[in-house]
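Good morning, colleagues. Today I would like to present the aromatic rings of one protein, and then say a word on confidence. Please look at the structure as it appears.

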Amino acid sequence: MRMEEGTFKMFSSISKKMIFLFHMLFYLWEASKANKTVSKPNVVIFMADDLGIGDLGCFGNKTLRTPNIDKLASEGAMLTQHIAASPLCSPSRAAFLTGRYSIRSGIASIHRSGVFLFSGSSGGLPSEETTFAKLLQQKGYSTALIGKWHLGIYCNSSSDFCHHPLSHGFDYFYGIPVTNLRDCKPGHGSVFIEGCKMFIRPSLQFIGIALISLKAIHYLGLSKGLLRALGYLFLIISVLLGLLLLWWYSYRYLNCILMRNHTIIQQPWIYENLTQRFTEEAKRFIKRNSEAPFLLFLSYPQVHTALFASQTFKGKSKHGLYGDAVEEMDWSIGEVLHVLDQWHLSEKTLVYFTSDQGAHVEEISINGEVHGGYNGIYKGGKSTNWEGGIRVPGIIRWPGVVGPDARIDEPTSNMDIFPTVIKLAGESLPKDRIIDGHDLMPLLQGNAVRSKHEFLFHYCNAHLNAVRWHPRNRQKPVTVQLGIKQFV
């Protein structure tokens, strides 16, 4: 009996030690996992231009083929209520890079056009603004922007480059400093001619009033010197029309430029194999920096019009040139992800995919072909603050840290990437300004169940159109429309 009691006590003691050891191992495993989230991961960002949330297979599309983006979603987390800070390119990208509403940085027009259209514009992202690229650069990251910038180049001269990507934290830039417009591609029409159409009616009215006035002056016998005045008037109009035509003809050569760092390497750029060139630049950057932390921002000009696709993808999709461009972009993303696998960097790399705003659903080519995307069940599109203009796809993958097949149904913003990557790099958020974004890691790792965004403000240019309210005691957010205005 005593022997049995001794044996029981011995086994009981061993069991307690085993349980204690198990708890210690579990604690160490959790600690190592926590340490992994603050170990300066690489950051790869894919941003599409004007891509609709309904254009991707992982968000419900059944006819466009996006296997690489879908795989990215299945291996990570889908942000189902991911909101762009603006429905227009320049302000959305400014907010994304700074973690602040663009109205805080001044990238918010009070006029109809809320984006930069010319390479010679003196405006751009202010030098006082701090991008996450600049903060990561200070922490020893190699940083690169490949693709579209659209936040200005110069301030006072063609050599100061004060708004250039290299002045905002990027070590390397290969891409287009302004944007991809119809005017950049012969045969695809002109956004400026479309814009001029709104002035045709008032111009005709003005000419009609002028002719009636001249007839009245002649009838009253006050027409002395009238023919000479008319001659000068027609001369001035002819000169102005000539200058307008010269400007319109030269726009492509002056604004549709491809740069490497501060050097123009194509003027105008050549569309053929442009996506392949961006892809190869991205792959080379990863290989060059495989031994140290890096930030790669691959900012596609697709699927902004003018649409383009290489011969390999042209005519292959079920949705015309728009579908071809989407599927080529998906291929490019697959190529970059493959390089991460090749160099054993996937588990050390946070990958984020999004679009700068919703699809431009009204886009029709000069031949009548639909060149706009699909925003799913959501009303509206680019340039409006209806849900289709601001709800964008959001995907984050980080193997071993963010679980696969995760869904975050809480409101999130593209401004949230700023504090997320800054904290992961071990850097502190700036104390001298308001940061509107919030760290996503608690949501992604299941340590929080609610978004920190109680309010999200929806601006179009400098106009506040709506406020999204996510009350603490409700499951679903409420959106209050303050009056919708649509801008070109």
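A search of the whole structure, which is a predicted model, finds 17 aromatic pairs. Let me begin with tryptophan 149 and phenylalanine 170. Their ring centres lie 6.4 Å apart and their planes meet at 80°, so this pair is edge-to-face. The pair links distant parts of the chain, as the two residues are 21 residues apart. Both belong to the loop between β3, residues 142–148, and β4, residues 172–176. Are these two residues buried or exposed? Tryptophan 149 and phenylalanine 170 are both buried.

A second pair is formed by tryptophan 269 and tyrosine 271, and this one is also edge-to-face, at 5.8 Å from centre to centre with 75° between the planes. Here, too, both tryptophan 269 and tyrosine 271 are buried.

Tyrosine 271 has a charged partner as well: the charged end of lysine 185 sits over its ring, 5.3 Å from the centre. In a similar arrangement, arginine 288 places its charged end over the ring of tyrosine 172, 5.5 Å from the ring centre.

To return to the first pair, Trp149 and Phe170 are part of a cluster linked by ring pairs, together with Phe96, Phe132, Phe297 and Tyr352.

Finally, confidence. The protein chain has an average pLDDT of 87, and 85% of the residues score at least 70. Residues 7–11 fall below 50, and this stretch has zero contacts beyond near neighbours in sequence. Residues 22–36 are likewise below 50, with three such contacts in the model.

Conventions: Residues are numbered from 1 along each chain as its sequence is written. This is a predicted model: local features need pLDDT of at least 70, side-chain atom pairs count only at pLDDT 80 or more; totals for chains, interfaces and linings use all residues. Side-chain values use heavy atoms; hydrogens and water are left out. Rings of Phe, Tyr and Trp (its six-membered ring) pair if their centres lie within 6.5 Å; planes under 30 degrees apart count as stacked, over 60 as edge-to-face and the rest as tilted. Helices (H or I, at least four residues) and strands (E, at least two) are DSSP runs, numbered from the N terminus. Buried means under 20% relative accessible area, exposed over 50%, partly exposed in between (1.4 Å probe, protein chains only). A charge sits over a ring if NZ of Lys or CZ of Arg is within 6 Å of the ring centre and within 35 degrees of the ring normal. pLDDT is the predictor's confidence in each residue, from 0 to 100. Contact means heavy atoms within 4.5 Å.
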